[in-house]
Amino acid sequence: MSESKVRKKPIGKMLFMGVISTALYAALLMKQDFLNEVFGKGGVYAFLPIITAFVFSFIHGSFTGDFWTVMGIEAAKKKKEVK
Amino acid sequence: MHDIAQAASNFINLDTINIVYLFLVGFVGGLVSGFIGSGGAFVLTPAMMSMGVPGLVAVASNMCHKFPKALIGSIKRAKYGQVDVKLGIVLGISAEAGVLYGAHIQEGIKKSFGEAGSNLYVSAAFVVILAIVGGFVLLDAWKTKKSGNTNAEEKVTKLARWVQSVNIPGTMVYFKSLNAKVSVLFTIPLGFATGMLAATIAVGGFVGVPSMIYVLGAPSLMASATELVIAFVMGLGGSFKFAMSGLVDIRLAMIILAGSLFGIQLGAIGTTYVKPYMIKMVMGVIMVIVLFSRGLMVPVYMSQLGLIQEISESSAKLMKGVSFGIMIFALALGAFIVLKAMWQGRREQRLAAQEAFEHVK
């Protein structure tokens, strides 16, 4: 119990990633026509949606992970995993 | 120019309601897949189609949200020591082959029997597989719950013990989740079947997870976590294939991902609070309910093919609506069980900590 109180919550990191994530989503929604046109071309352009997915998952995934930690929802502490 | 216009027509206009809807379904789907390793796709694809997204774009966009989601989920669960990366990759590669073969069969059926024939094949596959596998998983979970022995370590099935005992020189690989060597001649067909199912009904995990548990002998927690690695490998390959044809609507994929990354983190955390049989329980419940949803559509497609008496358009529409409603119910119920089990687990842990504290005092 004391461990969770002592350990600092990653509020700064969460906010930083949250801002970048919001910016990415704002860009996605504001540039819809452009994205549809370029990403829909197919062929070698197939790399674009894949790279985009990786970038979004890294930024937004880091944000959502920290979000639950900051909310106080973390994995059970003592539970031993099955070997 | 013509190509661009054609591609752009594949992509619908997004309004706020659609965005919120996709975000929420993504969240619930993510929550369930963080917990049982898969799920959500069976609701997401029809949900997108109901918004006017063409079928193939819906499948492609769903897949493009699946692999980054599975990546984040598997990283999270690897931190809890639940992932067998080697088993995930070995099964994932053979699953990829299964996806290609499954898609090929689908195309063949569509060519010979048309859209209704293809739909009937998909629904029939759903019903048969979910009835057998889902029924078995649910029964197993139910028996464990009834026995009151929910804390006992999971027993390796007789079949898995046999599979682990077979020694075929040159094909044996050690897997940490099984704590045994198993011949890849067993894992390849299992991965292939998972992929074929993923190509047919979009949820390979409904075969992947039970086969890891009952055929290979992996514990439920590790099987469901390793499924996320399979989903990543399969989803990455599949997304690239669809993206080559310009079928991925990146906006849809990323909006669903926005919700599902919140969900998958929560679902993964949830696995650390529950007893292993709960994984089977959630999976079994979802599979059996989805079975009824798809079963309802079988007569509709049969009438379209002229195999049975014609069903009026209004009745067919009603059945389609009810079928979709049941699917959403299945997902929501799964999410509810996960959240409830997690809440109970957290409460028990808090009480135990409090007790220990008072004891020391």
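**Exercise 1.** In the hairpin of S1(B) and S2(B), which residue takes a positive phi?

Solution. The model is predicted, so local features need pLDDT of at least 70, side-chain atom pairs count only at pLDDT 80 or more, and totals for chains, interfaces and linings use all residues. Residues are numbered from 1 along each chain as its sequence is written, and chains are lettered from A and ligands numbered from 1 in the order in which they are written.

- Step 1. Locate the strands, which are DSSP runs of E with at least two residues, as helices are runs of H or I with at least four, numbered from the N terminus. S1 of chain B covers residues 172–175 and S2 of chain B covers residues 180–183.
- Step 2. Check the pairing, for which DSSP must find at least two bridges. The two strands are antiparallel, with four bridges, and Met172(B) lies opposite Ser183(B).
- Step 3. Read the turn. Four residues separate the strands, and Asn179(B) has the positive phi, near 50 degrees.

**Exercise 2.** Describe the fold of chain B.

Solution.

- Step 1. Count the elements: chain B has 12 helices and two strands. Their order from the N terminus is α-α-α-α-α-α-β-β-α-α-α-α-α-α.
- Step 2. Compare with the globule rule (2.2 Å times the number of residues to the power 0.38, with the radius of gyration taken over C-alpha atoms). The radius of gyration of chain B is 21 Å, close to the 21 Å the rule gives for 361 residues, so chain B is as compact as a globular protein of that length.
- Step 3. Assess burial (20 or more other C-beta atoms within 10 Å of a residue's own, placed from the backbone; 12 or fewer is exposed, in between partly exposed). In chain B, 52% of the 361 residues are buried.

**Exercise 3.** Characterise the side of chain B that touches chain A.

Solution.

- Step 1. Count residues in contact (C-beta atoms, placed from the backbone, within 7 Å): 42 of chain B meet 33 of chain A.
- Step 2. Assign them to elements. H10(B) gives the most, with 11 residues; H1, H4, H9 and H12 of chain B each give two or more.
- Step 3. Sort by type, with Ala, Val, Leu, Ile, Met, Phe, Trp, Tyr, Cys and Pro as nonpolar, Asp, Glu, Lys and Arg as charged, and the others, Gly among them, as polar. The result is 29 nonpolar, 11 polar and two charged.
- Step 4. Take one residue. Beyond its neighbours within four places in sequence, Val248(B) has contacts that include Phe39(A) and Pro49(A), and also Ala60(B) and Phe242(B).

Note on methods: Contact = placed C-beta atoms within 7 Å.
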